[in-house]
Amino acid sequence: MDKATAELSRPYQKERYEQLFHMLLEAIPSSVLLIDRDMRIVLANRNFLEKSRKDKTEAIGHRVEELLPATIVENMDIVSRVRHVFEEKQATKGERMTYRAPGVPMRIYYYSILPFSWESHIEHVMLLMEDVTEQVRLNGEVRRVERHLASVVECATDMVLSTDAEGRIVTWNSAAEQVSGRRFEEVKGTPLLDWFVEDHAQALAAVSERLKVGTSPQTGEWDIVTKAGKRIPMSWVFSPMQDEKAHLVGIVAVGRDLSERRKLEAQLLQSQKLAALGVMAGGIAHEIRNPLGVCLVAAELLTLASTPPDVRRECVGKIRANIQKASAIIENLLRFARPAATTHMTHVDLVCVLRDTLNLVANQARLQNVSVAIDNPAHPVIIYGNVGLLQQVFLNLFLNAINAMPHGGDLHLFVEQTAWEVSIRISDSGHGIPQEHLANIFDPFYTLSPVGKGTGLGLSICYSIIKHHFGSIEIRSAEKEGTVVTVTLPLFLDSRGGFQWTMGPH
C-alpha cells in the first residue's frame with residue numbers, strides 16, 4: 001500500500017474504530033457516562049439511558065449534577081470525586097450508591113471513576129456504574145434464610161449440634177446447653193465423644209468410622225453425662241456433612257432426651273410384669289403348697305411322743321429343705337416383680353438369663369402338661385444388655401407359648417450362635433396364630449386372648465426391648481400348626497474385635 005492510499009484509509013480506520021467503540025459501549029451491561037473537564041456528559045450508553053428513562057438529547061451536553069439525582073450528587077459528592085480523578089490521574093473504585101429514577105424501583109450500584117488520558121493529558125473520565133441490586137437482594141435473602149435456620153435450631157427442644165471432620169464440636173444450640181448443663185464456650189472445639197458415658201464409647205467410635213465411609217445417617221440410643229455428673233438417656237441421629245467431592249467435612253447430631261419416655265416405659269414394663277405374675281399365680285401356689293404340706297406332716301410327726309429319734313431328725317431335715325425351697329420360689333418371684341433399679345446395659349450371659357427365666361415358668365409348664373426341651377451352647381454366650389429387661393422378654397414369650405397349649409404340648413428352646421450374633425428360637429405345638437392377625441401382633445393393646453386374660457402389651461414391650469438391644473424379633477405361625485418366635489441379638493465384642501466369653505461356671 002502506497003503512502004497516498006494509507007492517508008486515504010486513515011479516516012476510514014478512525015471511523016471504523018469509533019463504530020467498534022460505540023458498539024462495545026452499547027453492549028456493556030453496566031451504565032457508562034463519559035465526562036469532560038467541564039463536568040458535562042460527552043457520551044452515555046444505552047444501559048444508562050434505559051435505566052434513567054432519558055434520551056440522548058436529555059443527557060449529552062448536560063452537566064453531571066443536572067443529569068444525576070440530587071441525592072446522589074449531594075450525598076456521594078460525585079462532582080468532587082470526578083474532579084479528583086482529573087487532578088490526581090488515579091481511578092476511584094468500589095463505591096456504592098443507590099439510584100431511583102421516577103417510576104422505577106430503587107436500584108443499587110457499585111461505581112468506579114476511571115481516567116481517560118491522551119499523551120499524558122486527561123481529557124475525559126468515565127463513570128462506570130454496575131447494577132448489583134439482585135446480588136444485594138440475594139445476599140439479603142441468604143442472610144434472612146441463615147437467620148431463620150439459626151432461629152429454628154435455637155428454638156428446637158432437641159439437642160442440635162455439629163462437629164468438624166475430626167469430631168470436634170463447632171455448634172451447640174440452647175437445648176444442648178440446657179440438657180447438658182454446659183455452655184457452648186465450655187465445649188467448643190472439644191471432641192463430642194468426651195461428653196458421652198464411657199460404656200458407650202466403643203459403639204460411638206464404630207458409628208464415627210461408619211460416617212467417614214458412608215452417607216447414611218446413624219441412629220441409636222447413647223447416654224450423655226451432664227456437668228453435674230447425671231446420666232441422661234438420649235436418642236441420637238448422626239448425619240454426615242459432605243463437600244462436593246463426597247469427603248466428610250463434619251457431622252450433624254440431633255439428640256432427644258428420653259428421660260420421660262423411659263419413666264413411662266418403666267411403668268408399662270411393671271404393669272406387664274404384674275400381668276405375667278397373675279398368669280403364673282396358679283402354678284406358683286401349687287408349687288408352694290407342696291413344700292408347705294410336707295412341712296405340716298413333718299411338724300405333726302414331731303408332736304407325737306412315740307416318734308422315734310431318727311424319724312424326728314428326718315422330719316427336721318424335710319422341714320428345713322422344703323422351707324428353703326418355698327423361700328427360693330418366693331425370692332425368684334420378688335426379684336422378678338420388683339421394679340428394676342436400673343436400665344443400664346452391661347455384659348450378660350444369655351444362657352444364664354434363659355435358664356433362670358425357664359425356672360420361673362417350670363411349674364406352669366408342668367401344670368399344663370407341657371414338655372420343655374432345651375438346646376443351647378455349653379459355654380456362656382455374652383451379649384451387651386440388661387438382665388431384667390431380657391428376662392421380661394423371654395418370660396412373656398415362654399408364657400405365650402405355654403398358654404397356646406392348654407391341653408399340653410411341646411416347647412422347644414434352641415440357641416444358635418453365629419459369627420456376629422446369637423439367635424434364640426422358641427417354638428410350640430399350640431393352636432397357632434391366624435395369618436390375618438400376624439401383621440398386627442406387635443401393636444400395643446392388640447391381643448387374641450379372651451377379655452380379662454391379657455393386656456395386649458406383652459409383645460409390644462418385647463419388640464421395644466429387643467430393639468433397644470439392637471436386635472430383632474420375628475414370629476412365624478400358622479393356625480393349628482404352632483408358632484416359632486425368633487429373637488436375634490448381637491454378640492458382645494471386646495476392644496480387639498474378638499468375642500468376650502467368660503469360660504467356666506457362671
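## Reading a predicted model, feature by feature

Q: Let's begin with strand pairing: in what sense do β8 and β11 pair, and over how many bridges?

A: Strand β8 (residues 218–221) and strand β11 (residues 234–242) pair in the antiparallel sense, over four bridges. One of the residues to look for is Gly220, whose bridge partner in β11 is Trp236. Please keep in mind as we go that this is a predicted model.

Q: Which strand do nine bridges join to β11?

A: That is strand β12 (residues 248–257), and β11 and β12 run antiparallel. To find the pairing on screen, look for Gln242, which stands opposite Leu248 in β12. The hairpin of β11 and β12 has five residues between the strands. In this hairpin Ala246 takes a positive phi near 65 degrees.

Q: How should I think about side chains along a strand?

A: In a regular strand the side chains alternate between the two faces of the sheet. With that idea in mind, let's turn to the aromatic rings.

Q: How many aromatic pairs does a search of the whole structure find?

A: A pair of aromatic rings is described by the distance of the centres and the angle of the planes. Here the search of the whole structure finds four pairs. One of them is formed by Trp222 and Phe238: this pair is tilted, with 5.7 Å centre to centre and 45 degrees between the planes. The pair links distant parts of the chain, as Trp222 sits in the loop between β8 and β9 (224–225) while Phe238 belongs to strand β11, 16 residues apart.

Q: Are Trp222 and Phe238 buried or exposed?

A: Both Trp222 and Phe238 are buried. They also belong to a cluster: ring pairs link Phe196, Trp222, Trp236 and Phe238. You have met Trp236 already, as the bridge partner of Gly220.

Q: Now the nonpolar cores. Which residues touch the most other members of the largest one?

A: The largest nonpolar core has 43 residues, and those touching the most other members are Leu350, Phe394, Leu397, Val422, Ile424, Val487 and Leu489. Elements that give two or more residues to this core include the helices α13 (350–367), α14 (387–403) and α16 (458–468), and the strands β16 (409–417), β17 (421–428), β18 (472–477) and β19 (483–490). The largest share, 10 residues, comes from α14.

Q: What is Leu397 in contact with, leaving aside its neighbours within four places in sequence?

A: Leu397 is in contact with Ile426, Leu459, Cys462, Ile473, Val485 and Val487. Another core, of 27 residues, lies apart from the largest one; among its members are Phe48, Leu68, Val79 and Ile122.

Q: How many disulfides are there by the rule used here?

A: A disulfide is a covalent bond between the sulfur atoms of two cysteines. In this model the count comes to zero. Two cysteines you may want to look up are both buried: Cys295 has 11% relative accessibility, and Cys462 has 1%.

Q: Why does Thr92 count as buried?

A: Thr92 counts as buried because its relative accessible area is 15%, and the cut-off for buried is under 20%. Thr92 is in strand β3 (residues 92–99). Leaving aside neighbours within four places in sequence, Thr92 is in contact with Arg81, Val85, Tyr111, Ser112 and Ile113.

Q: And why does Arg425 count as partly exposed?

A: Arg425 has 31% relative accessibility, so it counts as partly exposed. Arg425 is in strand β17. Its contacts, neighbours within four places in sequence left aside, are His412, Leu413, Phe414, Val484, Val485 and Thr486. Arg425 and Val484 are 59 residues apart along the chain, yet their C-alpha atoms are separated by 6.7 Å.

Q: Where does Arg137 lie?

A: Arg137 lies in helix α7 (residues 133–155). At 38% relative accessibility, Arg137 also counts as partly exposed. From C-alpha to C-alpha, Arg137 and Ile108 are 9.6 Å apart, with their positions 29 residues apart in sequence.

Q: To finish, what is the mean pLDDT of the protein chain?

A: The mean pLDDT is 78, and 80% of the residues reach 70 or more. Over residues 495–506 the pLDDT is below 50, and this stretch has 21 contacts in the model beyond near neighbours in sequence. As for the overall picture, the protein chain has 16 helices and 19 strands, and 39% of its 506 residues count as buried.

Notes:
Residues numbered from 1 in each chain as written. Heavy atoms only, no water. Pairing = 2+ DSSP bridges. Buried < 20%, exposed > 50% of the residue type's maximum accessible area, 1.4 Å probe, protein only. Phe/Tyr/Trp six-rings, centres within 6.5 Å; stacked < 30°, edge-to-face > 60°. pLDDT = per-residue confidence, 0-100. Contact = heavy atoms within 4.5 Å. Core = buried A, V, L, I, M, F, W, Y, C linked by side-chain atoms within 4.5 Å. Disulfide = S-S within 2.5 Å.
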